[in-house]
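Please read the points below beside the structure, as they concern backbone details that are easily passed over when a fold is viewed as a whole.

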Amino acid sequence: MKTPVDSADEARVRALRQYAILDTLPEEPYDNIALAAAALCAAPYALIGFVDEERVWYKAQVGLNLVELPREAALCSLVVPQTKPLLVPDAQRDPRFAHYPLIQSPHFIRFYVAVPLITPDGYVIGALSVLDVRPRRLHRNKLSVLQTLATSIMHRMELDRKSAELKRLMVEWEWTEDARRIENSILNAVVESTSDAIFVKDTQGRYLKVNPSAASLIGRPQEEILGRDARAFFTEQESLSLIQSDLEVLRSGQTRMVEEIITVRGSPRVYQTTKSLCRDENGRILGVVDISRDITDRKRAEESLERQLRRLAALRSIEMAINASLDLRITLEILLDQAVAQLEVEAADILLINSYTQTLELAARRGVCAWDKRVDSCRLGEGFAGRAALEHRIVSVPDLERGAEGNPSPLLRAGAVGYFAVPLIARNHIRGVLQIYYRGPREFDAEWFNFLETLTEQAAIAIENATLFEDLQRTNLELTLAYDATIEGWAHALDLRDQETEGHSRRVTDLTLRLAQEVGLSKSELMHVRRGALLHDIGKMAIPDSILFKPGPLDETEWEIMKRHPIYAYEMLAKIDYLRPALDIPYCHHEKWDGTGYPRGLKGEQIPIAARIFALADVWDALLSDRPYRKGWPEEKVRAYIRSEAGKHFDPEIARLFLRLQLETVAV
């Protein structure tokens, strides 16, 4: 469907065509701005697009291979009726965007932000856009930087348009008398009406002609300026610089472009000046022509953009430190490094709240440390930091000597005259205070305070994360201790039930752990081995006492019941998540290397290694212990039995290791 065109849109398109940018080749400055926009938002795609009657044409792009799209199919066209940025957190959840091809395969765009490109006359001719395949939101600081980038695009386009217009007017005409008169008339009209300051000077630096903009720059009528040089109107340093640059053009004969700082009505302004030789019809040098453009606002915008990009990079590095490490000390050191650098202050430190003593205590410090008595701790409500923490507000002291209630601060000994105490608040709870020290006097703008606010938010998040992690570790330790105490209680209850085997669980557990360490099991595996060893006979709780404590041999039926105790153990413990990794021993410790064991008849390395290790410890302790039906065996006889069962009952390699350990223990 063709987009209807009204008179307002026709005027807008005419404004766009004045820039002669449609269907031009890619240019590095625009490509760099698109790259900066994508990097700023950490997004894969960015576009600089212009909207004419029927299409959106893209001058620069990142990540997409687009030349143009029909106007009705391009997201960029949505900004034309408005002068405010368009922000779409998730386009696929908004039915307004269902028909746009970028929302569908193969791109699947979800997030979209477009900042309009607005001419000086107020026409929206296109947009700087950033796109992502994941839904997200955009911090207001980043949106502000995108607007600055869009403004820089329009500055460049305006500069190119005016330069092209001037070149067009200054092309060499056929030198006829009529052409000269027409040319002079046009050039005079351009010179008189342009906002650029134009100075024509002779070879001695005296002003031969100045246009109204140049007279306004100097602040004198045109007739008072002619015949005099720069020394009559500018400071000594400024006039020397102006005269020197003119001489360089006269000597070299080459056109030069320079940036000059000139005081205008008491305020320093930055001018971009093109200096070229002025010649007569015969090529004789008459002097120098200066065309100066006030670029102060542009320079400030560029400096502001660079500063914001540095600060965004600093915030990103802090965010990465928070995500990569739960070591609060490291995170706070990175945060303070960035605070001192990006806030351009002399020093900063962080005091953390001690909830038990209700005091603020020093956690990290950065910057000049010449002050003798910087506060390392204070109570809530005491001093500047204590007040900031108690009242949840920033405490600012521009002049410490006058702002300390008649008591000069020791900070003054090092020349620090200004101070901020900023509370670090997360989830409405005070976590600490950021203290900032600076030498002044200083003025802080809204951009500075926005960065300070974001910085303190990140500091509070880092402290909150570290506190939560510490609490979680403590809770996990307490739970682990409680689990182990419960398991030991169960094991003790089993030993009490079977008086003849009292202490058996503890002994075989210790012996199993020694052997498991020699085999090379990890610390986490040893924890599960310990639990499994303590609970190895828990399945016997389901065996009737008449069978479990029968003084004589068991008959076939009774033996079948007894052999089910590993199965009972599995059924009891498998439902408990944290004990499931410890099941190998209770379930498999009666399996044998040759496959003749029970309950499943596992063979060789089918048997879990923990169960193979435990089987040796269990048999060793059982044969050494007295039973109602026999006396305990001597150690040498038990060792001989284990040798004979290696490869049948026991894993042969583990059996050899076990016997070696026993001999070493005897030797010790």
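1. Glutamine 358 sits in the loop that leads from strand 12 to strand 13 (359-367), and in this predicted model its phi is positive, about 55°, although the residue is not a glycine. With a relative accessibility of 39%, glutamine 358 falls in the partly exposed class, because that class lies between the 20% limit for buried and the 50% limit for exposed.

2. A similar check applies to glutamate 344, which belongs to the loop between helix 9 (328-342) and strand 12 (347-354). Glutamate 344 is not a glycine either, yet its phi is positive at about 55°, and its relative accessible area of 45% makes it partly exposed.

3. Strand 9 (residues 256-264) and strand 10 (residues 267-279) run antiparallel and are joined by nine bridges; within this pairing, isoleucine 261 has valine 270 of strand 10 as its bridge partner. The two strands form a hairpin in which two residues lie between them, and arginine 265, placed in that turn, has a positive phi of about 50°.

4. Which peptide bond should be inspected for a cis geometry? The bond from tyrosine 598 to proline 599 is cis, with omega near 10°, and proline 599 itself is located in the loop that separates helix 18 (584-588) from helix 19 (609-624).

Terms used: Residues numbered from 1 in each chain as written. Predicted model: local features only at pLDDT ≥ 70, side-chain atom pairs only at ≥ 80, totals over all residues. Heavy atoms only, no water. Pairing = 2+ DSSP bridges. Helix = DSSP H or I, 4+ residues; strand = E, 2+ residues; numbered from the N terminus. Buried < 20%, exposed > 50% of the residue type's maximum accessible area, 1.4 Å probe, protein only.
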